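Here is a short set of exercises to work through with the model open beside you. Try each task before you read its solution.

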Amino acid sequence: MERITDLLELHHDFAEVLTEIRTAVMDADLSAAAVRMAWLTRALTEHAKTEESLLFPLYEGADYPANGSPEVLRRDHALLLRHLTVDLYDTDDVALANQLALFAGALEHHDLRESRYFKPLVDARITDDNRRHILSVFAAQMDALPPRPTQDIVRSRGVFQPSGHALTDAQTALAQGDEDPRWLLAIRCDHPKAQRLQRRACQALAAGDRVGAYDTLRLLALFPRIAK
Ligand SMILES: [Fe+2]
Ligand SMILES: [Fe+2]
């Protein structure tokens with residue numbers, strides 16, 4: 001890397017890992033998503049901190065536009081870091097997908113601000129010595145990160161799928177019009193989120209909503225942490 005602007009290459013890594021997280025979540029492979037979220041949390045947190053400590057002082061006096069001010073960039077960072085705190089295992093599926101979509105939009109927006117204003121304006125003001133020093137700090141920071149997770153998401157798909165008969169039995173019973181909840185209760189769930197889905201299915205059945213109960217079971221079938 002020769003220019004501060006070249007640091008934007010790191011943003012591509014962040015965006016790619018976030019796409020992998022979203023893919024893993026859609027595949028209900030929460031462990032693959034969690035490994036990537038841990039990597040992204042560390043990488044993005046350190047990246048933002050170093051930008052604020054080393055690059056923002058150089059940017060303060062630049063001729064930046066109002067929507068590219070240091071204050072706005074700082075708020076972007078705070079927003080991005082907040083998105084990183086989402087609990088993958090304890091957020092409703094739809095809410096999780098929405099939050100990750102918002103996260104991706106915020107990251108893209110921030111990337112635009114940095115590529116259009118922040119990094120080129122810093123490049124125009126920085127001395128060669130300082131540029132070399134700051135680039136070496138970012139490089140050392142990236143080297144110290146654990147390697148990017150490489151587990152093949154597609155290959156891991158299905159590994160955690162429940163294979164027990166209880167789930168199939170309950171689906172069959174519901175499809176046949178059997179409203180006895182013991183079929184639902186026979187599914188052993190060992191994670192609070194799976195247990196909530198199980199309760200939701202039972203409540204739907206108790207309310208006479210067999211279709212709702214069946215749909216909830218379909219979600220449960222996608223959940224990775226169900227005991228066999
Ligand atoms: Fe950045
Ligand atoms: Fe940034």
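**Exercise 1: Two helices side by side**

Helices α2 and α3 are roughly antiparallel to each other. Your task: work out which crossing angle supports this and which residues form the contact.

Solution. Keep in mind as you start that this is a predicted model.
- Step 1: fit the two axes; those of α2 and α3 come within 11 Å and cross at roughly 175 degrees.
- Step 2: compare with the cut-off; angles over 145 degrees count as roughly antiparallel, and therefore α2 and α3 receive that description.
- Step 3: list the contact on the α2 side, where Leu44, Thr45, Ala48, Glu52, Phe56 and Tyr59 take part. Facing them from α3 are Pro70, Arg74, His77, Leu80 and Leu81.
- Step 4: sort these residues by character, which gives 7 nonpolar, 2 polar and 2 charged.

**Exercise 2: A second partner for α2**

Determine how α2 (residues 30-59) is oriented against α4 (residues 93-125), and describe the contact of the two helices.

Solution.
- Step 1: the axes of α2 and α4 come within 9 Å, and their crossing angle is roughly 75 degrees.
- Step 2: the range from 65 to 115 degrees counts as roughly perpendicular, so α2 and α4 are roughly perpendicular to each other.
- Step 3: from α2, the residues Leu55, Leu58 and Tyr59 meet Phe118, Leu121, Val122 and Arg125 of α4.
- Step 4: this contact divides into 6 nonpolar residues, no polar ones and 1 charged.

**Exercise 3: The whole chain**

How many helices and strands does the protein chain have, and what percentage of its residues count as buried?

Solution.
- Step 1: count the elements; the chain has 10 helices and 0 strands. Read along the sequence, the pattern is α-α-α-α-α-α-α-α-α-α.
- Step 2: check burial; 27% of the 228 residues count as buried.
- Step 3: look at how contacts span the sequence. Among contacts with a separation of 6 or more, 71% join residues 24 or more positions apart.

**Exercise 4: Finding the cores**

Identify the largest nonpolar core and say which helix gives the most residues to it.

Solution.
- Step 1: the largest nonpolar core has 17 residues. Those with the most contacts inside this core are Leu18, Ile21, Ala24, Val25, Ala33, Leu40 and Leu100.
- Step 2: assign the core to helices; α1 (8-26), α2 and α4 each supply at least two residues. The most come from α2, with 8 residues.
- Step 3: take one member, Ile21, and set aside neighbours within four places in sequence; Ile21 is then in contact with Ala33, Arg36, Met37 and Leu100.
- Step 4: continue the search, and you find a second, separate core of 16 residues, including Ala170, Ala173, Ala201 and Leu205.

**Exercise 5: Buried, exposed or in between?**

Classify Ile134, Ala104 and Thr168 by their C-beta neighbours within 10 Å.

Solution. A residue is buried with 20 or more such neighbours and exposed with 12 or fewer.
- Step 1: Ile134 lies in helix α5 (residues 128-144). Ile134 has 19 C-beta neighbours inside 10 Å and so counts as partly exposed. Beyond four places in sequence, Ile134 touches Ile4, Leu54 and Leu55. Ile4 is 130 residues away in sequence, yet the C-alpha atoms of Ile134 and Ile4 are 8.2 Å apart.
- Step 2: Ala104 lies in helix α4. Its 16 C-beta neighbours inside 10 Å make Ala104 partly exposed. Outside its sequence neighbours within four places, Ala104 is in contact with Leu18 and Arg22.
- Step 3: Thr168 lies in helix α7 (residues 165-175). With 14 other C-beta atoms within 10 Å, Thr168 is partly exposed. Thr168 and Ala221 are 53 residues apart in sequence and 9.1 Å apart, C-alpha to C-alpha.

**Exercise 6: Where is confidence lowest?**

Find the helices in which confidence is lowest and highest.

Solution.
- Step 1: the chain averages a pLDDT of 86, and 90% of the residues score at least 70.
- Step 2: helix α6 (residues 153-156) has the lowest mean, 42, while helix α3 (residues 70-83) has the highest, 97.
- Step 3: examine residues 153-163, where pLDDT stays under 50; the model has 19 contacts beyond four places in sequence for these residues.

Key: Residues are numbered from 1 along each chain as its sequence is written. Chains are lettered from A and ligands numbered from 1 in the order in which they are written. This is a predicted model: local features need pLDDT of at least 70, side-chain atom pairs count only at pLDDT 80 or more; totals for chains, interfaces and linings use all residues. pLDDT is the predictor's confidence in each residue, from 0 to 100. Helices (H or I, at least four residues) and strands (E, at least two) are DSSP runs, numbered from the N terminus. Two residues are in contact if their C-beta atoms, placed from the backbone, lie within 7 Å. Axes are lines fitted to C-alpha atoms, for helices over the stretch in contact, and angles run from 0 to 180 degrees between N-to-C directions. Angles under 35 degrees count as roughly parallel, over 145 as roughly antiparallel, 65 to 115 as roughly perpendicular and the rest as oblique. Ala, Val, Leu, Ile, Met, Phe, Trp, Tyr, Cys and Pro count as nonpolar, Asp, Glu, Lys and Arg as charged, and the others, Gly among them, as polar. A nonpolar core is a set of buried Ala, Val, Leu, Ile, Met, Phe, Trp, Tyr and Cys residues joined through C-beta atoms within 7 Å.
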